[in-house]
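Please load the model in your viewer, with side chains available for display, and follow the stops below in order.

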Amino acid sequence: MELAYIPSPSRGVWNLGPIPLRGYAFCIIIGVFVAVWLGNKRWLARGGRAGTVADIAVWAVPFGLVGGRLYHVITDYELYFSPGRDWVDAFKVWEGGLGIWGAVALGAVGAWIGCRRRGIPLPAYADAIAPGIALAQAIGRWGNWFNQELYGRETHVPWALHITSSEGGRVPGYYHPTFLYESLWCIGVALLVIWADRRFRLGHGRAFALYVAAYCVGRGWIEYMRVDDAHHILGLRLNDWTAIIVFLLAVTYIVVSAKKRPGREAVVEPGASDGPTEDVAGAEADGEDADADAKAEDKADVEVEDKAEPDAVEAKDEPESAKKS
């Protein structure tokens, strides 16, 4: 009998009338909001405008979802296109199955489109959003917990994950909670990028490249622990090879970029610091108008007083002249 373990949820879907509420979808949505929130704070600190990160995310998120799904379907095509399978299931994103490699790659294309429309350099935007993406991944991994999927080898450690479902070829038992390992690793990656960015003032996409490299290191050993079906090349899972290649590319980018473009961008959003915003400008204009009105009123009061004084003198002198006459 196991005294300690991580229980799996009894279900991952709750029905609100005809509307299904899925734990996996909620984790993805919460992750996106956290990424945009943190990205916006970092963007403002770099001198950008509020709302820019969210505007570009409108392009990046849909592209990322499509890219993540495409990567999963392509690399696990037998789940949807082999005999006895229904290809329509390839469109059922809510049932799980998003490849982070495809999500980041195609999400970057969407971000590039959004940045082009705003006249913003993509590397600067990527640096601002990098820790948020890592936190979004940390939250999104809990969606796998709701679906009882992507666990590791069988184990009896106190933090073992108790799988209870037998659907899809699952064997109930106690396994390494790789979803938890990756979630904690991603939180560490986010903290690492934030620290390194403050310490070394990373710019020109190097903070994003650090996030990619650090994530690949963790994904490599976590992927090695997983037992779900996957394609193997030379004894390694496909995602392990992907992590190795992407890690090398990220490190190469950091080294080359640091030599060619040291330092950090002075301006990340053209026009963001050229002058006051509309609200501030409006307030200043109202203040100037108020000062002008006040000065006009003071001038009018002085004129009235100047006119009143001679009248008062004449009124005072009039009886004296009357006496003399």
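A cavity is here a set of grid points where a 1.4 Å probe fits but cannot get out, and its lining residues are those with an atom within 4 Å of such a point. Helices are DSSP runs of at least four residues, numbered from the N terminus. Please keep in mind throughout that the model is predicted.

**First stop: the cavity**

Select Arg141, Asn144, Leu150, Thr178, Phe179, Glu182 and Arg226, which together line the largest cavity. The structure holds 1 cavity of 30 Å³ or more, and the volume of the largest cavity is about 30 Å³. Helix H7, which runs over residues 178-200, gives this lining its largest share, with 3 residues. If you colour the selection by class, you will find 2 nonpolar, 2 polar and 3 charged residues around the cavity.

**Second stop: the salt-bridge network**

Keep Arg141, Glu182 and Arg226 displayed and add Arg219, Glu223, Asp228 and Arg237, since these seven are exactly the names to show: Arg141, Glu182, Arg219, Glu223, Arg226, Asp228 and Arg237 are linked in a network of salt bridges. Centre the view on Glu223, whose side chain meets that of Arg226 in a salt bridge with an N to O distance of 3.3 Å. The side chains of Glu223 and Arg237 meet in a salt bridge as well, at 2.9 Å from N to O. This second pair links distant parts of the chain, with Glu223 in helix H8 (residues 206-225) and Arg237 in strand E7 (residues 236-237), 14 residues apart.

Are these partners buried or exposed? Glu223 has a relative accessible area of 0% and is therefore buried, because the cut-off for that class is under 20%. Arg226, at 11%, is buried, and Arg237, at 5%, is buried too.

Now move from Arg237 to Asp228, with which Arg237 forms a salt bridge whose closest N and O atoms are 3.2 Å apart. Asp228 counts as partly exposed, because its relative accessibility is 25%. Across the whole structure, the count comes to 14 salt bridges.

**Third stop: a pocket lined by charged side chains**

Next, select Leu38, Lys41, Arg42, Ala45, Arg46, Ile194, Asp197, Arg198 and Arg264, the lining of the second largest pocket. Its volume is about 180 Å³. Which helices each supply at least two residues of this lining? Helix H1 (23-45) and helix H7 (178-200) do so, and the largest share, 4 residues, comes from H1. By class, the lining of the second largest pocket has 3 nonpolar and 6 charged residues, with no polar residue among them.

**Last stop: an open sheet**

Finally, switch to a cartoon view and show the strands E1, E4 and E5, which form an open sheet in the order E1-E4-E5 with mixed pairing. Strand E1 (6-7) and strand E5 (173-175) are the edge strands, and each of them pairs on one side only. Strands of a sheet pair through backbone hydrogen bonds, either parallel or antiparallel. For a closer look, select strand E4 (residues 161-163), which pairs with E5 in the antiparallel sense over 3 bridges. Within this pairing, which residue of E5 stands opposite His162? Displaying both side chains shows that His162 stands opposite Tyr174 in E5.

How values were computed. Residues are numbered from 1 along each chain as its sequence is written. This is a predicted model: local features need pLDDT of at least 70, side-chain atom pairs count only at pLDDT 80 or more; totals for chains, interfaces and linings use all residues. Side-chain values use heavy atoms; hydrogens and water are left out. Two strands pair if DSSP finds at least two bridges between them. On a 1 Å grid over the protein atoms alone, a cavity is a set of points where a 1.4 Å probe fits but cannot get out, and a pocket is an open set with protein on both sides within 12 Å along at least five of seven lines; lining residues have an atom within 4 Å of a point. Grid points are joined across faces, edges and corners, and a volume is the space filled by probe spheres set on the points. Ala, Val, Leu, Ile, Met, Phe, Trp, Tyr, Cys and Pro count as nonpolar, Asp, Glu, Lys and Arg as charged, and the others, Gly among them, as polar. A salt bridge is a side-chain nitrogen of Lys or Arg within 4 Å of a carboxyl oxygen of Asp or Glu. Buried means under 20% relative accessible area, exposed over 50%, partly exposed in between (1.4 Å probe, protein chains only).
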